[in-house]
Amino acid sequence: MFKILRVDMAGQKAVFEDIPEAYQGLGGRGLTSAVVAAEVDPTCHPLSPVNKLVLAPGLLAATNCANSGRISVGGKSPLTGTIKEANSGGQLGQYLGRLGIQAIIVEGQPPAGKLFKLVIGKDKAELVDAKELKGLGNYDSVAKLKETHGDKVGYCTIGQAGEWKLAAASVAFTDMELRPTRHAGRGGLGALMGSKGLKAIVVDPSGGEMAPLKDAEAFKDAAKRFAKALTDHPVTSGGLPTYGTDVLINIINEAGALPTRNFSRGRFEGAEKVGGETLNEITVKRGGNPTHGCMSGCIIRCSGIFLGPDGAYVSKWPEYETVWAWGPNCEIDDLDAIARIDRMCDDFGLDTIEMGCAMAVAMEGGLVEFGDVRGAERLLMEVGTGTPAGRILGSGTAAIGEVLGVSRIPVVKGQSLPAYDPRAVKGMGVTYATSTMGADHTAGYATGANIMKVGGYVDPLKPEGQVELSRNLQAATAAVDTAGLCLFVAFPVLDIPDALVAIVDMLNAKYGLSLTTDDVGALGQRVLNIEKDFNLRAGFSAGADRLPDFFRREALPPHNVVFDVSDEELDTTLKF
Amino acid sequence: MMEITIKLGGPLRKKVQGHERGEMTLSLPEGALISEALTRLELEPDEVRVVMKNGLAIHADEPLAPGDRLGLFPRELAYNTMTAISFFNPLARKKQTQD
């Protein structure tokens with residue numbers, strides 16, 4: 001029943017195909033990367049007709065497995081020029097799974113100026129003219145689409161940033177309340193979608209069904225064990241649903257690893273004012289909901305709802321990375337301002353990490369003062385209105401830095417670093433440098449006790465052991481992304497041995513396989529090898545796997561450390 | 001006597017009295033150990049899964065010096081491996097990886 005939906009934007013045709021042998025056994029990131037590596041010329045311009053946009057739910061989509069509805073979006077990145085996968089919550093992953101669609105491959109380009117929506121239902125798909133959506137942000141786009149398609153469907157849209165093909169543009173997915181708050185943010189995939197003239201994807205799951213299972217009883221048993229691990233673990237059952245991912249602000253600040261003022265310090269005086277404890281407090285006080293799932297089937301529920309002082313909806317809870325990028329990194333200590341900015345980024349369709357880093361670099365370049373909320377909001381607004389300054393900012397951290405003559409530009413392969421300073425968390429630094437995606441924390445953010453062969457304690461301030469740590473984390477993450485699981489399942493997978501066994505048992509029960517936990521690491525390595533090979537053919541040799549030089553020269557207070565993992569060691573990271 | 005600073009995270013703020021937004025100072029005898037600071041706060045070692053002294057991991061029950069800062073976080077906030085940082089509390093009695 002599983003099919004690929006191939007969409008030709010030049011001929012405006014959408015046809016279902018059987019899944020080729022080469023793509024069997026892959027889902028999510030594994031599948032998007034396999035398709036891109038096989039079908040896209042690695043040397044092409046990312047916005048040319050030759051590039052392809054691929055969307056794929058994970059291997060465990062449309063099942064009763066908890067937290068299995070992530071959707072991967074892939075292509076050659078308009079921001080980095082490397083292969084790219086960014087994944088998101090929201091409803092579309094589960095809906096596509098229920099329709100038996102394992103991937104959507106969007107190729108070619110329509111005549112200039114044409115804009116379409118792809119409308120998908122049970123065994124049918126068509127491209128429909130969408131000129132009425134031209135120039136709209138994600139919130140207005142969804143409101144307009146609802147007039148035609150109603151509220152029993154899932155929406156994927158791009159905002160103005162995607163239409164204008166800005167390299168920081170994201171792809172938005174609606175949550176359970178049809179808010180376009182979940183984003184495949186990193187790497188400018190919204191610009192790729194915009195280059196295809198594709199403004200929206202509408203997925204109606206009616207008539208669809210749960211994925212067929214080879215052994216329903218075994219699946220049920222394993223799904224139950226997996227859910228128990230998630231509800232037993234204190235981080236997934238207590239920390240995340242109470243404080244959201246923003247809980248990390250105070251911890252990382254305490255560790256002296258919270259990048260502040262464009263990566264010039266490791267601690268921010270205003271951290272407490274923007275941390276998860278404060279976020280929870282003001283949310284409860286204003287009658288908001290701290291415990292909200294970003295997709296159906298989620299039992300962690302870390303995506304709270306942020307209300308303004310007047311009690312009106314502003315945005316979903318800004319994630320830790322968003323709070324950090326626009327908060328400490330820009331020296332802004334105002335959660336209300338950060339939530340408004342989060343809403344603007346969601347509406348224009350922008351990666352909040354890339355934009356926060358771009359703003360901090362713009363501040364260093366003198367366009368706005370550090371800590372100036374109004375100035376930051378005004379400049380961000382220009383991305384939505386499309387002024388030249390706005391378009392440069394929306395092209396990302398490296399672009400604005402080069403235009404302003406700033407030398408401290410925190411990017412790897414053109415993508416901005418996230419919220420852990422690589423000098424104080426060196427394992428993360430290795431991941432930023434060597435990830436196939438450009439600087440990306442999620443690329444090496446998760447692990448399982450059975451996969452991670454690193455024993456004992458790795459000092460975050462010392463170079464020893466970091467490469468091995470990052471290698472195992474990156475392989476484990478690629479496997480989690482391929483299964484379509486939320487990355488936060490990594491907490492129980494790390495601490496409760498049966499959680500990883502339960503995941504493998506579910507894969508076996510769904511597909512009639514006999515995988516062991518060792519195969520999980522092997523699956524991750526297979527995906528990374530596919531991605532590395534694409535990048536090599538695109539012209540990224542080992543010399544590209546480096547952090548910007550200032551991380552080796554400028555010591556980071558309070559620990560006064562530099563990044564000192566050697567180049568030779570970095571080059572061994574993803575050698576399997 | 002000496003004074004040290006305490007920073008509490010998440011649910012520990014409900015268990016400990018006398019702090020302002022998770023921060024407080026504590027008077028202890030010169031050379032007091034980390035475990036003595038926890039006792040003064042009426043916290044069991046198992047309730048504190050992450051300990052940082054001046055932003056660094058501890059490896060044993062170390063003596064404190066005037067002006068030291070202790071960051072204390074409970075099991076709900078034990079994000080250790082996710083962030084490639086390990087700040088597990090060596091004073092906790094239960095096995096760290098089996099909550």
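Reader: In what order do the six strands of the open sheet in chain A stand?
Author: This is a predicted model, in which local features need pLDDT of at least 70, side-chain atom pairs count only at pLDDT 80 or more, and totals for chains, interfaces and linings use all residues. Residues are numbered from 1 along each chain as its sequence is written, while chains are lettered from A and ligands numbered from 1 in the order in which they are written. Strands (E, at least two residues) and helices (H or I, at least four) are DSSP runs numbered from the N terminus, and two strands pair if DSSP finds at least two bridges between them. With mixed pairing, the order in this open sheet of chain A is β2-β1-β6-β3-β4-β5.

Reader: Which strands of chain A stand at the edges of this sheet?
Author: Each edge strand has a single partner strand, so one side of each is left without a neighbour in the sheet. The two strands are β2 (13-18) and β5 (83-88) of chain A.

Reader: What is the average twist from one strand to the next?
Author: Angles run from 0 to 180 degrees between N-to-C directions, and the axes are lines fitted to C-alpha atoms, for helices over the stretch in contact. From one strand to the next, the twist averages 20°.

Reader: In which sense, parallel or antiparallel, do β1(A) and β2(A) pair?
Author: β1 (3-8) of chain A pairs with β6 (101-107) of chain A in the parallel sense over six bridges, and A:D8 has A:E107 as its bridge partner there. Towards β2(A), the bridge partner of A:V7 is A:A14. The hairpin of β1(A) and β2(A) has four residues between the strands, and A:Q12 takes a positive phi near 50° in it. Over six bridges, the pairing of β1(A) and β2(A) is antiparallel.

Reader: How many of the six residues of β2(A) are buried?
Author: A residue is buried if 20 or more other C-beta atoms lie within 10 Å of its own, exposed if 12 or fewer, and partly exposed in between, with C-beta atoms placed from the backbone. β2(A) lies largely in the open, because its number of buried residues is zero.

Reader: At about what angle does helix α1(A) run to β4(A)?
Author: Helix α1 (28-39) of chain A lies across β3 (53-57), β4 (71-76), β5 and β6 of chain A. Its angle to β4(A) is about 20°.

Reader: Which residue with a positive phi follows α16(A)?
Author: In α16 (397-404) of chain A, the residues A:T397, A:A398, A:A399, A:I400 and A:G401 are buried. The elements that they pack against include α13 (352-364) and α15 (388-393) of chain A; two residues are in contact if their C-beta atoms, placed from the backbone, lie within 7 Å. Right after the helix, with phi near 70°, comes A:G405.

Reader: Which residues have the most contacts inside the largest nonpolar core?
Author: A nonpolar core is a set of buried Ala, Val, Leu, Ile, Met, Phe, Trp, Tyr and Cys residues joined through C-beta atoms within 7 Å. Leaving aside neighbours within four places in sequence, A:M359 touches A:W326, A:C330, A:A376 and A:L379. In the largest core, of 211 residues, the residues with the most contacts are A:F226, A:M359 and A:M506.

Reader: How far apart are the centres of domain 1 and domain 2 of chain A?
Author: An automatic or database assignment supplies the domain bounds, and it gives chain A domain 1 (3-203), domain 2 (246-289 + 304-416) and domain 3 (435-570). Across the first pair, 27 residues of domain 1 are in contact with 24 residues of domain 2. Taken over C-alpha atoms, the distance between the two centres is 26 Å.

Reader: Is A:N262 buried or exposed?
Author: Most residues other than glycine have a negative phi. A:N262, in the loop between α8 (248-254) and α9 (271-274) of chain A, has a positive phi near 50°. Because it has 24 C-beta neighbours inside 10 Å, A:N262 counts as buried.

Reader: Which residue does a cis peptide bond join to A:P557?
Author: Most peptide bonds are trans. In this cis bond omega is about 5°, and the partner lies in the loop between α22 (550-553) and α23 (567-570) of chain A. That partner is A:P558.

Reader: What percentage of the residues of chain B count as buried?
Author: Chain B has two helices and five strands, which run β-α-β-α-β-β-β from the N terminus on. Of its 99 residues, the buried share is 38%.
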